[in-house]
Amino acid sequence: MQALRKASFRSDKLQPVLVQLTDGRSYASAATHFSGGSDPRHFKHQDLELHSSKKLQKKPDFGKLIFGRHFSDHMLDVAWSESHGWGVPRIGPIRNIELHPAAKVLHYALELFEGMKAYYGDDGKVRLFRPDQNMERMQTSAKRTSLPDFDGKRAHALHRSAHRRGPQLGPAESRQQPYEALLYVITGPVGPYFPTGLKPVSLLADPQHVRSWPGGAGAYKMGSNYAPTIHVQKEAEKQGCQQVLWLHGDDHQVTEVGTMNVMVFWINENGEKELVTAPLDGLILPGVTRNSLLALSREWGEFKVSERNFTMGDIEKAVEQKRLIEFFGCGTACVVCPVHNILYAGRNIKIPVPNEKASLSGRFLRTLNDITYGRVRGHPWAVDIDELIATVPVSERIAVKSR
Ligand SMILES: *Cc1c(COP(=O)(O)O)cnc(C)c1O
């Protein structure tokens with residue numbers, strides 16, 4: 001998060017993220033005898049406990065930031081238990097989490113995550129990019145993983161079904177539904193993903209590796225989807241590629257690249273200029289970036305925009321007939337990531353990479369940067385965190401307990 005360059009060490013800037021998470025709209029739990037806070041069914045900003053870290057870390061060299069290497073001094077956590085529902089939200093020094101060795105997350109990967117960036121704008125304001133979309137996706141992941149849902153429905157169902165089935169339960173360790181859960185938010189600074197301009201990557205497309213399948217959980221951001229891909233990523237690197245192109249089905253449909261959605265810009269077989277990406281049919285992760293690039297394209301109205309299946313055969317043919325214009329991944333981390341080569345069935349398919357200034361991916365990147373860094377005034381996708389906090393009733397805003 002570039003925002004953290006300025007904001008991470010100011011405790012007042014730690015609050016807005018919590019406000020976003022706890023706007024009081026939909027974070028009910030099933031608790032009937034909640035002991036902390038003022039409302040038994042919600043965790044709220046007004047219940048926030050703030051414990052500032054006594055000893056702050058040395059600031060990292062901002063020229064050499066690596067994603068996932070540095071973290072800010074504080075974290076937010078909210079505990080949930082079946083009997084008490086959501087507990088008191090707390091911002092305190094970042095710390096290790098202590099777990100019983102039988103914790104479900106360690107055995108059954110009962111876990112979900114979200115990733116969001118905050119941008120430190122040219123005007124000094126800090127903006128989140130479409131945070132509502134990440135929160136919605138987190139709720140769908142919570143349902144799929146049986147972790148407590150923020151709107152309480154799932155937590156409620158879990159609570160009730162546990163009671164109904166109570167007598168049939170074995171020892172705690174053999175039950176698969178969680179008794180306890182922890183929601184936490186950690187933040188860290190990241191530099192630009194491509195500091196020296198877009199760097200095209202090469203992909204391994206090997207149909208023997210499958211990331212997701214119909215009826216599976218590929219559309220949810222849960223840890224269990226990612227562990228099995230690390231081995232395949234290593235295989236790609238062994239074969240001189242940088243990322244994996246995930247295929248599906250006997251016809252080798254193109255679904256995702258690494259942990260990004262995939263987009264192809266080409267002249268289709270009917271001679272039309274078209275941006276195409278795999279459909280949201282349960283196989284792919286519904287990316288916020290994907291959604292945003294599709295929305296921009298439809299707004300521009302300059303070429304056809306399609307969410308439909310396409311195959312490696314279609315790609316090979318388009319390259320052969322010189323109809324393929326560009327091929328790129330998209331996601332929060334890099335925004336866009338052009339592809340220059342695909343290793344498929346032992347052959348290298350050379351993908352054209354237009355000049356960044358002239359390319360569609362470059363245009364997407366510039367357009368999103370203008371929004372996220374606040375160069376476009378008042379764009380609805382860029383949520384100013386100071387304005388966000390202003391939407392919280394004053395009675396809730398001033399009640400932060402600082403110890
Ligand atoms: C997170 C993710 C994406 C991209 O989603 P964004 O919301 O755009 O960051 C795409 N595919 C997978 C598998 C992902 O985990």
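Which elements make a right-handed β-α-β unit? In this predicted model, the answer is E12, H7 and E13.

**View 1. The β-α-β unit of E12, H7 and E13.** Strand E12 covers residues 273-277 and strand E13 residues 304-307. The two strands run parallel and are joined by four bridges. Within this pairing, Leu-275 stands opposite Val-305 of E13. Helix H7, which spans 288-300, completes the right-handed unit with these strands.

**View 2. The shell around the ligand, with H7 and E11 as contributors.** Helix H7 also takes part in surrounding the ligand: the largest share of the shell, three residues, comes from this helix. Strand E11 (260-267), like H7, supplies at least two residues of the shell.

**View 3. The residues that surround the ligand.** The ligand is enclosed by Lys-221, Glu-256, Thr-259, Met-260, Asn-261, Leu-285, Gly-287, Val-288, Thr-289, Arg-290, Gly-331 and Thr-332. Classified by residue type, the shell holds six polar, three nonpolar and three charged residues.

**View 4. Lys-55 in the loop between strands E1 and E2.** The loop that contains Lys-55 connects strand E1 (49-50) with strand E2 (74-81). Lys-55 counts as exposed because it has 6 C-beta neighbours inside 10 Å, and a residue is exposed if that number is 12 or fewer. Between Lys-55 and Asp-73 the C-alpha to C-alpha distance is 8.5 Å, while the two are 18 residues apart in sequence.

Definitions and conventions
Residues numbered from 1 in each chain as written. Predicted model: local features only at pLDDT ≥ 70, side-chain atom pairs only at ≥ 80, totals over all residues. Near = placed C-beta within 6 Å. Nonpolar A, V, L, I, M, F, W, Y, C, P; charged D, E, K, R; others polar. Buried ≥ 20, exposed ≤ 12 C-beta atoms within 10 Å, placed from the backbone. Pairing = 2+ DSSP bridges. Right-handed = clockwise from strand over helix to strand, strands pointing away.
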